[in-house]
Amino acid sequence: PHTNVQVYNGDNFFFKDNISEYLGSEAKPSEEIEERCQRIKKLEIYLRERGKGFVMAIAPDKASYFSSEIGLKPYLEIDSSNYAKWIRSLESNNISYIDFRKQFYQAKDSSPYPLFPNYGVHWSVYSMRNAMDSIAGFMNTIYGFDLPRMEVNNVELGNYNIHSENDIEGLLNLIYPLKKERLAYQNFSMS
């Protein structure tokens, strides 16, 4: 079996590395993040001068999303991670960004469908599609663009478990597959 996998509550899989990163094991110096943000700001200015849009997306991570369920401090109480440094530097440099980490954490109890699957490290397809639509809405609002938006016709529940939704399971070299998780998939059109 893969030794970097940790299981919580019997069916929620995590990479140990993701948990240690959440706790600050891969923390970069604030100066390094500030330097990157200054370069990003130059790119944002360059693109705006040419009528193009820019938004930095802060991706959600499974360790912060399930922090309370796996016995970790909530993400707002951890200041040693790169996340807190990035947010401070993005704001001090006035860089346009969407914080999906914060949005996912806030939506955890109200989302009708899972935003992270149990057997994968990545977001669910349902949440990826919602994030895509959020980025389009942000760009339309901030830049006056007319990017197409997702119109959900209906949401199907199924146990398709697209590869990114059970990528940890695939590394475990199991004799029998795990029971498939019931996840949500939007049927949608763009307009």
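Select Gly 51 to begin: this residue comes just after helix 2 and takes a positive phi of about 75°. Helices here are DSSP runs of H or I with at least four residues, strands are runs of E with at least two, and both are numbered from the N terminus. The model is a predicted one, in which local features need pLDDT of at least 70 and side-chain atom pairs count only at pLDDT 80 or more, while totals for chains, interfaces and linings use all residues. Residues are numbered from 1 along each chain as its sequence is written, and side-chain values use heavy atoms, with hydrogens and water left out.

**Helix 2**

Step back from Gly 51 and select residues 30-49, which form helix 2; its 20 residues reach 28 Å from the first C-alpha to the last, close to the 28 Å expected at 1.5 Å a residue, where the expected span is 1.5 Å times one less than the number of residues. Within helix 2, colour Ile 33, Cys 37, Ile 40, Lys 41 and Glu 44, which are its buried residues. These buried residues lie on the same side of helix 2, because they cover an arc of only 110° around the axis, the arc being that of the directions from the helix axis to the C-beta atoms. Buried means under 20% relative accessible area, exposed means over 50%, and partly exposed lies in between, with a 1.4 Å probe and protein chains only. Turn to the other side of helix 2 and you will find Glu 31, Lys 42 and Glu 49 exposed. To see what covers the buried residues, show strand 3 (56-58), helix 4 and helix 6 (125-143), which are included in that cover; contact, here and below, means heavy atoms within 4.5 Å.

**Helix 4**

Next select Tyr 83, Ala 84, Lys 85, Trp 86, Ile 87, Ser 89 and Leu 90, the buried residues of helix 4. Their packing partners are helix 2, strand 3, strand 4 (97-99) and helix 5 (100-107). Following helix 4, Asn 94 has a positive phi, near 55°.

**The largest pocket**

Helix 4 (82-92) also leads to the largest pocket, since it, helix 1 (16-22) and helix 3 (62-65) each supply at least two residues of the lining. On a 1 Å grid over the protein atoms alone, a pocket is an open set of points where a 1.4 Å probe fits, with protein on both sides within 12 Å along at least five of seven lines, and lining residues have an atom within 4 Å of a point. About 520 Å³ of space lies in this pocket, with grid points joined across faces, edges and corners and the volume taken as the space filled by probe spheres set on the points. Of the 21 lining residues, select Glu 21, Ala 59, Asp 61, Asn 82 and Arg 101, which lie nearest the centre of the pocket.

**Leu 72 and Val 5**

Move to Leu 72, in the loop between helix 3 and helix 4, which counts as buried at 17% relative accessibility. Leaving aside neighbours within four places in sequence, Leu 72 is in contact with Ile 19, Tyr 22, Leu 23, Ala 63 and Ser 67.

Then select Val 5 in strand 1 (residues 5-8), a residue that is buried, with a relative accessible area of 14%. Not counting residues up to four places away in sequence, Val 5 touches Phe 13, Phe 14, Phe 15, Lys 16, Ile 168 and Leu 172.

**Helix 7 and two asparagines**

Glu 169 lies in helix 7 (residues 167-171) and is buried, with a relative accessible area of 8%. Its contacts, not counting residues up to four places away in sequence, are Tyr 119, Leu 174, Pro 177, Leu 178 and Lys 180.

Asn 173 follows in the loop between helix 7 and strand 6 (183-190), where it has a positive phi of about 55° although it is not a glycine; at 71% relative accessibility, Asn 173 counts as exposed. Asn 9, found in the loop between strand 1 and strand 2 (12-15), likewise has a positive phi of about 55° and is exposed, with a relative accessible area of 61%.

**The whole chain**

Zoom out last: the chain has seven helices and six strands, and its C-alpha atoms fill a box of roughly 55 × 45 × 30 Å along the principal axes. Of its 191 residues, 43% count as buried.
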